[in-house]
Amino acid sequence: MIALLAAVLLALPLLAEPVTFNRDIAPIVFHSCAPCHRPGEAAPFPLLTYADVKRHASQIVAVTGRRYMPPWPPEPGYGEFEGTRRLSGDQIERIARWVEGGAPEGNPGDLPPRPHFTEGWELGPPDLVVQIPRPFTLPAGGGDVFRNFVVPLDLPDLKNDTRYVRAIELRPGNKRVVHHANVVLDHARSWREREGKDGQPGFPGMDLITESGAEFEPDSHFLFWKPGSPAQQTPDDMAWRLAPGDDLIVNLHLQPSGKPEPVQPVLGLYFAKQPPRRFPMLLQLEHDGAIDIPPGARDYSVTDQLTLPVDCDVLAIYPHAHYVGKRIESWAVLPGGDRRWLVRINDWDINWQAVYTYREPVRLPKGATVHMRITYDNSAENPRNPNHPPKRVRNGDRSEDEMGHVWLQVLPHGEGQSDPRVALEGALMRRRLEKYPSDFVANFNLGGILQMDGKHQEALGLFAKALEARPESAVARNNLATSLMVLGRLDDAVRELRETLVRDPAYANARYNLARAFEAQGDAKAAIASYLEYLKDHPEDAEAHVHLSNLYIAERRYDQALPHLSEAARLKPHDADIATNLGTALAIRGDIEEAIAAYERALQIDPNHRTARENLARARARLAKP
């Protein structure tokens, strides 16, 4: 009888140990929920204690069960990313069992330490703090607001020096209404004229396209912020360049709270101690020109691809679409035909867009082709469709328009001495021209690449196409003139440079090139006048002083040449040629002792400088004569 009872007991199922908050649920909540659900952050209530979580237990079961929370759109198995907050099926089931079991607190000794969050600047005091000059007032009601703010950096703190930024930290100032933010670097200061035109700080716009054609300009880094995300950091040897006079553009996605809210974001910048040695790039896969989605279409797709001309490490990825985007996919096909997934999002939601950094860089060899496919649902069944009834949707940067981008941050690896970034930029621009033959950016950038490679005749055609798209572009016309000069078409170059200066009288590079063109034509008078005009605003340009002094010497105007040679020698004290030329001008004028000193300085810089040595011997011999 005892043996029979033992057998019956063994046959009974073991009772599952009850799920408790302290042992089972707190680790999940502290890791995946607390970064946003805490005081001062964007989430509407805290989740830091047993009482907090129990109060919202039913709601937590509902939102985790349909994977709405915590927000992590990428599908598992399609890329391994840092900071993944997606809950596993076991974790979701554990939360549900805890609530079904009455949400017990459990043994106090099982409770893990409460998460610690740094107050104030997460990375410590910044090297430079900047903010938008005036607060923007977000209206109490209405739909989402996309607003851009210009933050000028022509500041005394920069002391006219180029700096390199290793980290940036955004403090939005009002996390209740700031959903996410992008920071864009505008070297050309092209957005200043739009600032405050509607009477409020900033200007409207969902997406920015800068003069360079890229949304992200700071040496190809993503500068993205959303609640709960850590401060943006990069290794010192991959810091991005910040020059005096640059503008930072803060692009905010704002959500009204039911009352007017002030918004005045602050940026903290942290500088690297040395210039970068590694230079990532951003590659944009897109085909916005193909976006024309009929009302009711549920499975409308656009695609793009790019074959890599060099080996690349993919460091991070940023998918982007607007409200009727439904599914985003990106993958690479390797030269042997294997597919390597980069990301897949089956239920796109613009409210949870983010930059995803890979746990380990994804190595793609030369010849691999990266692909993008974005699918849209413009039907009434799409709960995120802003149009009721649905209407035709085309590409554009307004919230009611659509976009479809996949940005890849890559670190290219080259062979030999060539810069792999140039090859990669060339491939990107050629692909862009396949889609948009009249595109200004692609024609201009590819023309510049060919120009650097010495292929000036090919570059001319591309610059001409760029000017067809934007006749007002001074920089494209100046580059066209530069290739004309190299090809010996000086009259054509002068004509284009004169036109450039009519359109932009302050364009210094065109003024300098015009002086060079006049000099090459043999028109000394016009060349001298142009150099003098240029040096009014750029007195620190040693080469301009040298060219101007040469023109004066050719006309035997030594007294006018000497000040410019002396200034060039001061500006470039380690240039043996300039010191030698200064000595020659002094000798011609009869200042032999000063000429000897100049020749001796040249030989200190370069002991093998033959001209300086020969002229020094002549000057000493001349000084020795009665």
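**Exercise 1. Identify which helices are included in what covers the buried residues of H10, and determine how those buried residues are arranged around the helix.**

*Solution.* Begin with the cover: helix H9 (474–486) and helix H11 (508–521) are included in what covers the buried residues of H10. The model examined here and below is predicted.

Next, list the residues concerned. In H10, the buried residues are Leu490, Ala493, Val494, Glu496, Leu497, Thr500 and Leu501. Around the axis they take up an arc of only 170 degrees, which means that they lie on the same side of H10.

Then turn to the opposite face. Directed away from the buried side of H10, it carries Asp491 and Val502, which are exposed.

Finally, check the length of the helix. H10 comprises 14 residues (residues 490–503), and at 1.5 Å a residue it should span 20 Å; its end C-alpha atoms are 20 Å apart, so the two values agree.

**Exercise 2. State the order of the five strands in the open sheet that contains S10, and name its edge strands.**

*Solution.* The order is S6-S3-S10-S5-S7, with antiparallel pairing. The edges are strand S6 (203–204) and strand S7 (224–225), each of which pairs on one side only.

Consider next the pairing at S7. Strand S5 (residues 178–186) is joined to S7 by two bridges in the antiparallel sense. Within this pairing, Ala181 is opposite Trp225 of S7.

**Exercise 3. Determine how many residues of strand S13 are buried, and which strand pairs with S13 over six bridges.**

*Solution.* Strand S13 (residues 281–286) is mostly covered, six of its six residues being buried. Sort them by direction: Met281, Leu283 and Leu285 point one way from S13, whereas Leu282, Gln284 and Glu286 point the other way, and all are buried.

The partner is strand S22 (residues 404–413), which pairs with S13 over six bridges in the antiparallel sense. Here Leu285 has Val406 of S22 opposite.

**Exercise 4. Is the protein as a whole spread out or compact when set against the globule rule?**

*Solution.* First, take the inventory: the protein has 17 helices and 22 strands. Second, apply the rule: for 626 residues it gives 25 Å, and the radius of gyration of 32 Å is well over this, so the protein is more spread out than a compact globule.

Third, consider the dimensions. The C-alpha trace spans about 135 × 55 × 55 Å along its principal axes.

Fourth, examine burial and contacts. Of the 626 residues, 49% count as buried. Among contacts between residues at least 6 apart in sequence, 72% join residues at least 24 apart.

Definitions and conventions. Residues are numbered from 1 along each chain as its sequence is written. This is a predicted model: local features need pLDDT of at least 70, side-chain atom pairs count only at pLDDT 80 or more; totals for chains, interfaces and linings use all residues. Side-chain values use heavy atoms; hydrogens and water are left out. Helices (H or I, at least four residues) and strands (E, at least two) are DSSP runs, numbered from the N terminus. The expected span of a helix is 1.5 Å times one less than its number of residues. Buried means under 20% relative accessible area, exposed over 50%, partly exposed in between (1.4 Å probe, protein chains only). The arc is that of the directions from the helix axis to the C-beta atoms. Contact means heavy atoms within 4.5 Å. Two strands pair if DSSP finds at least two bridges between them. The radius of gyration is taken over C-alpha atoms; the globule rule is 2.2 Å times the number of residues to the power 0.38.
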